[in-house]
Amino acid sequence: MQKFNLDVNSIDWQKVDGLLPAIIQDSDSRAVLMQGYMNAEALAHSLDTGKVTFFSRTKGRLWTKGETSNHFLNIVDCYLDCDHDSLLIMAKPDGVTCHTGAYSCFGEYPNMAHRLAFLGELENVIAERKNDSTGTSYTHSLYQSGIKRIAQKVGEEGVETALAAVAGDKEELLNESADLLYHLTVLLQANDLSLDDVMNVLQARHSKAKKSL
């Protein structure tokens, strides 16, 4: 069984009549992907395999998300709420989550939540291109060229972004910023890092700054 941040023995199964509500959240974008129910067997199976498995009330059996579509939800960590009767699962999705083909079972995310969800989608696509040995995409060609070339592209895009800002060309600034963010994401993943790792650094700095006030 894999180790997650979860004390299984503290779950109040009696309070939830044996079915624990489980909310699944994308560990990268933080978007809520879906919600389901787990009995003790489904939870044990999830923790053992590392893939989200529910107890399907309609099927009357355990149901692993992705068992037919291969769009599994790979568990990163699990957290119980303060009343020990609801579960939050952070997971990395293999493709879309909803059977309708949508990224989330809750539909499109508006405003900032949708934008953050899109960054997670972008990272997933870039990761797929990275590992696709038969790919002919620009992303795959970047990985083939090596980290030095990717880093050079980040530098070039950074300069072009700065020049667009100095020139006061807002449309070009947006275009160059998008190019810079894309190439930076590629560079991070080439070093087995992610935008989430960058966010962790920013959050740590923010917390430190607040304490010093």
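The following exchange concerns the fold, surface charge and salt bridges of a predicted model.

Me: Which pattern do the helices and strands follow along the sequence?
Reply: The chain of this predicted model has six helices and six strands. Read along the sequence, these elements follow the pattern β-β-α-β-β-β-β-α-α-α-α-α.

Me: What percentage of the residues of the chain count as buried?
Reply: The C-alpha atoms fill a box of roughly 65 × 55 × 30 Å along the principal axes. A residue counts as buried when its relative accessible area is under 20%. Of the 213 residues of the chain, the share that meets this cut-off is 36%.

Me: What share of the exposed area of the chain do carbon and sulfur atoms supply?
Reply: The area that the chain exposes is about 12,700 Å². Of this area, the part supplied by carbon and sulfur atoms is 55%.

Me: What share of the contacts with a separation of 6 or more comes from residues 24 or more positions apart?
Reply: The contacts considered here are those in the chain with a separation of 6 or more. Within that set, residues 24 or more positions apart account for 52%.

Me: How many Å apart are the mean positions of the positive and negative charges?
Reply: The chain carries 20 positive and 29 negative charges. A mean position is taken for each of the two groups, and the distance between these mean positions is 3 Å.

Me: Which helix supplies the largest share of the negative patch?
Reply: The surface patch of negative charge gathers E160, D169, E171, E172 and D179. A patch residue needs over 30% relative accessible area; D179 is partly exposed, with a value of 31%. D179 is found in helix α5. The largest share of the patch, three residues, comes from residues 170-190, that is, helix α5.

Me: How many residues apart are D85 and K15, which link distant parts of the chain?
Reply: The side chains of D85 and K15 meet in a salt bridge, with 3.0 Å from N to O. D85 lies in the loop between β5 (73-80) and β6 (87-93), whereas K15 lies in the segment before β1 (20-26), and their separation along the chain is 70 residues.

Me: In the D85 and K15 pair, is D85 buried or exposed?
Reply: K15 is partly exposed, with a relative accessible area of 48%. For D85 the relative accessible area is 15%. Buried means under 20%, so D85 is buried.

Me: With which residue does R61 form a salt bridge?
Reply: R61 is partly exposed, with a relative accessible area of 36%. Its partner is also partly exposed, at 35%. The closest N and O atoms of the pair are 3.0 Å apart, and the partner of R61 is E67.

Me: Why are E156 and K153 separated by about one helical turn?
Reply: E156 forms a salt bridge with K153, the closest N and O atoms being 3.7 Å apart. Both residues lie in helix α4 (residues 147-167). The separation is about one helical turn because, within this helix, E156 and K153 are three residues apart.

Me: Which residues do salt bridges that share partners join into one network?
Reply: The search of the whole structure finds six salt bridges. E156 is partly exposed, with a relative accessible area of 29%, whereas K153 is buried, with 14%. Through salt bridges that share partners, these two belong to one network, whose members are R149, K153, E156 and E157.

How values were computed:
Residues are numbered from 1 along each chain as its sequence is written. This is a predicted model: local features need pLDDT of at least 70, side-chain atom pairs count only at pLDDT 80 or more; totals for chains, interfaces and linings use all residues. Side-chain values use heavy atoms; hydrogens and water are left out. Helices (H or I, at least four residues) and strands (E, at least two) are DSSP runs, numbered from the N terminus. Buried means under 20% relative accessible area, exposed over 50%, partly exposed in between (1.4 Å probe, protein chains only). Contact means heavy atoms within 4.5 Å. Accessible areas come from the Shrake-Rupley method with a 1.4 Å probe; for residues, only the protein chains shown count as cover. Lys and Arg count as positive and Asp and Glu as negative; His and the chain ends are not counted. The place of a charge is taken as NZ of Lys, CZ of Arg, CG of Asp or CD of Glu. Patches are made of residues with over 30% relative accessible area and no salt bridge: like charges are joined within 9 Å, nonpolar side chains (Val, Leu, Ile, Met, Phe, Trp, Tyr) within 5 Å. A salt bridge is a side-chain nitrogen of Lys or Arg within 4 Å of a carboxyl oxygen of Asp or Glu.
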